[in-house]
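Dear colleague,

Please find below the structure for your review. A summary of the findings follows it.

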Amino acid sequence: MMKRLLMVVALSAIMNQFNAQQVNEPKDHPKEWSQSYEPFRIAGNLYYVGTYDLASYLVVTDNGNILINTGLANSLSIIKNNIKKLGFKYQDTKILLLTQAHYDHLGAMAAIKKETGAKLYADEADADALKSGGKSDYELGKYGVTFKPVNPDYILKDQNVVTIGDTKLTMLHHPGHTKGSCSFLFETKDSKRSYKVLIANMPTIIIDKKFSEVTAYPSIEKDYEYTLNAMKNLDFDIWVASHASQFDLHKKRKPKDQYNPKVFMNKKEYLDELDSLEKDFQKKKSE
């Protein structure tokens, strides 16, 4: 009996060591990714609860809350504290969403899912990367960059709607950056007006090779082209993104500023950013 118990303990230790080895976040990431930042209300029931640059969003409803993106693994305490600072309960998190299956946007996802019991909804094309902890990612996987594996509870396809309370978020499949990169559209309101909000995953290019050389993702060029065209034609009032730096959060808003949704209502800025990304795409395409 004792021999069998020792074998079980040894096997458990080996498995724990294996699981620990699976998590391999790069150590040389920008310091802004791990830096705390004051949470604030963006518009209506949408709040910013992420780090200085890695954006995490809380959508608050009477039936529980949605958390979109979870930053690095060490973002866990920052996000929990930010939710508390805003006066909300961490355990009221009922739905988890993400804009892309990269370690810097879901490093704390598995932990938050376990602690809150929230259900993870994910784009179908990123499901494999989530389950493998990033090992199957077409680009970062080959460098051994990984996160704690997490299984989606529900699979989403383009235009699927996630509903909680009176809030409905439409997922938009915007592949390229990852196979299942996506954005979200939803409506919110305050005492003055209603707003159509876009949480955008901007289609930045991360490969050094030519598109034709990315054998692990043969449709990558076509996907980027689709996403750039689709994102140009979106209708919204307010836009934010996966990184604070992508929508110039820190130029638009300073800590302790009063609630002001108007600072996030610059659509020209969004289109200019897409234009810059399309130039990057065309340059890569011509290689």
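Which residue is the bridge partner of V197 in β12? The partner is I238.

This is a predicted model, in which local features need pLDDT of at least 70 and side-chain atom pairs count only at pLDDT 80 or more, while totals for chains, interfaces and linings use all residues. Residues are numbered from 1 along each chain as its sequence is written, and side-chain values use heavy atoms, with hydrogens and water left out.

The sheet

Strands (DSSP runs of E, at least two residues, numbered from the N terminus) pair if DSSP finds at least two bridges between them. Five strands form an open sheet with mixed pairing, in the order β8-β9-β10-β11-β12. Because β8 (161-164) and β12 (238-241) stand at the edges with a single partner strand each, one side of each is left without a neighbour in the sheet. Strand β11 (residues 194-200) pairs with β12 in the parallel sense over four bridges.

The second largest pocket

A pocket is an open set of points on a 1 Å grid over the protein atoms alone, where a 1.4 Å probe fits, with protein on both sides within 12 Å along at least five of seven lines; lining residues have an atom within 4 Å of a point. The second largest pocket has a volume (the space filled by probe spheres set on the points, which are joined across faces, edges and corners) of about 240 Å³. Its lining includes N45, D62, D166 and K189. Strands β9 (167-173) and β10 (182-189) are the elements that give two or more residues to this lining, and β10 provides the largest share, three residues.

Kind regards
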